[in-house]
Amino acid sequence: SYLDRVAAVDGDIHAFLHVDADAALEQARAVDARRAEGAELGPLAGVPIAHKDVFTTRDMPTTAASRILEGWRPPYDATVTERLRAAGLVILGKTNMDEFAMGSSTENSAFGPTANPWDVSRIPGGSSGGSSAAVAAFEAPLATGTDTGGSIRQPAAVCGLVGAKPTYGGSSRYGLIAFASSLDTPGPFARNVLDAALLHEAFSGHDPRDSTSIDAPVPPVVEAARRGDVDGLRVGIVREFAGEGYQTGVLQRFTEAVEVLESLGAKVVEVSCPSFRSALAAYYLIAPSECSSNLARFDAMRYGLRSGDDGTRSAEEVMALTRAEGFGPEVKRRIILGTYALSSGYYDAYYGSAQQVRTLIKRDFDAAFEHVDVLVSPTTPTTAFPLGERVDDPMAMYLADLCTIPANLAGNAALSVPCGLAPEDGLPVGLQIMAPVLADDRTYRVGAALET
Ligand code: GLN
């Protein structure tokens with residue numbers, strides 16, 4: 001029935017870049033067969049899932065929504081892919097995204113934008129906008145995403161879904177096409193907190209093939225999602241996340257959600273994290289710097305596209321032609337920004353000071369978590385904006401991640417849950433819950449409490 005739904009609506013939504021109905025049915029039958037044999041299957045066995053096209057899949061193309069990888073078939077599965085299969089999840093196909101996960105609206109895909117199912121003239125968020133749209137349009141009950149600066153929480157918020165950015169290192173980056181390696185974090189999308197927790201648990205945990213993977217048990221997110229109480233929990237409101245640039249209806253729904261938490265027995269206090277004001281600036285130096293290094297591997301020799309290789313041109317000329325043709329404008333902007341920030345003479349002024357700001361943000365979190373168990377904020381300053389509105393204005397686009405970026409820079413756990421519709425436009429608003437490193441379960445506890 002999910003495949004039928006995809007066939008019926010994906011022409012309007014464009015959540016998927018690739019759907020393999022036959023392979024999906026085959027996977028589903030294999031799960032049925034194992035069940036018939038009496039095999040003990042996990043809670044997600046047989047459940048369909050939409051998989052972000054940034055994870056390698058050996059039986060499907062993997063493009064990261066870039067021309068430079070068009071037609072590439074990876075020879076291996078990402079750890080996340082492997083674990084989805086092991087859990088018996090049925091992969092319906094690969095979802096659209098901003099090219100190499102750079103963006104907040106899915107308009108930077110080389111293969112055309114995705115629409116928000118709540119209002120098809122609006123963005124589904126990004127970079128995991130194909131995944132959020134697929135779940136919001138009932139094309140899949142679950143989806144995977146990656147969050148480098150907000151790319152799970154922001155699309156979850158603007159599509160009315162639950163989306164988690166696990167603790168950095170809590171989910172494996174092996175086989176995830178790298179954008180900014182010190183920030184990239186795979187995570188789940190679902191329509192409710194418990195489903196998100198089940199998926200989170202299914203693909204997280206230590207992976208020796210990822211050098212930054214944490215060798216610790218997965219936080220008890222499922223148990224926390226089932227528990228869902230906040231009695232006595234100390235909740236901090238980040239003072240810096242309000243004011244100019246925030247939509248009235250977003251702040252209104254946020255305030256109401258905080259009141260609900262208070263009525264459920266949480267102790268709410270205001271906290272100040274002054275360095276969060278510099279988070280966006282630091283992120284847009286660190287992420288492009290890492291991307292400029294990571295994307296050097298697309299050299300026209302190893303993967304996908306190769307342009308102008310007619311036997312007369314040098315390797316350097318073929319590389320230049322391929323990269324000029326294969327990368328979109330946002331990817332080029334970031335490579336140029338990153339190589340500039342890392343160049344000798346500018347390194348200390350840009351990359352070096354951005355790293356110092358990163359440390360200050362971490363200290364702000366540490367100081368706040370001495371007094372509170374979780375921090376809350378709106379997930380995004382506004383609801384879904386119209387397609388096309390910010391494509392020519394990178395600064396306006398970058399503001400969509402104002403509230404989500406600090407948790408990436410510090411590496412801690414964060415979750416976005418729906419908290420109603422903004423009265424002025426009837427579109428979903430998200431509440432962000434942030435917790436210390438490896439305290440992911442706290443975010444699920446609070447999210448589940450708000451659901452009931
Ligand atoms: N929107 C942010 C960016 O463009 C975050 C993207 C992400 O989390 N992958 O970099």
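**Exercise 1. Work out whether F241 is buried or exposed, then find its contacts.**

Start by counting: F241 has 22 other C-beta atoms within 10 Å, so it is buried. The cut-offs are these: buried takes 20 or more other C-beta atoms within 10 Å of a residue's own, exposed means 12 or fewer, and partly exposed is in between, with C-beta atoms placed from the backbone.

Before moving on, two ground rules. Residues are numbered from 1 along each chain as its sequence is written. This is a predicted model, where local features need pLDDT of at least 70, side-chain atom pairs count only at pLDDT 80 or more, and totals for chains, interfaces and linings use all residues.

Next, place F241: it sits in the loop between β7 and α8 (248-263). Helices (H or I, at least four residues) and strands (E, at least two) are DSSP runs, numbered from the N terminus.

Last, look for contacts, meaning C-beta atoms, placed from the backbone, within 7 Å. Leaving out residues up to four places away in sequence, F241 touches S377, P378 and C403.

**Exercise 2. Describe the surroundings of I49.**

First, find I49 in strand β2 (residues 48-52). Then count again: I49 has 28 C-beta neighbours inside 10 Å, so it's buried.

Now list its partners. Beyond residues up to four places away in sequence, I49 touches several residues, including L84, L89, L92 and A140. On the same terms, L92 touches I49 and A140, among others.

Finally, zoom out to the largest nonpolar core, which has 133 residues. Such a core is a set of buried Ala, Val, Leu, Ile, Met, Phe, Trp, Tyr and Cys residues joined through C-beta atoms within 7 Å. I49, L92 and V135 have the most contacts inside it.

**Exercise 3. Check the length of helix α12 and work out how its buried residues are arranged.**

Take the length first. The expected span is 1.5 Å times one less than the number of residues. For the 21 residues of α12 (residues 348-368) that gives 30 Å, and the end C-alpha atoms are 29 Å apart, so the two agree.

Then pick out the buried residues, among them Y350, Y351, A354 and V357. Seen down the axis, the buried residues of α12 fall within an arc of 125° (taken from the directions from the helix axis to the C-beta atoms), so they line one face.

Now flip to the face turned away from that buried side: it carries the exposed residues D348, A349, G352 and A367.

To finish, see what the buried residues of α12 pack against: β7 (234-238), β8 (267-271) and α9 (279-294) are among the elements.

Notes. Contact = placed C-beta atoms within 7 Å.
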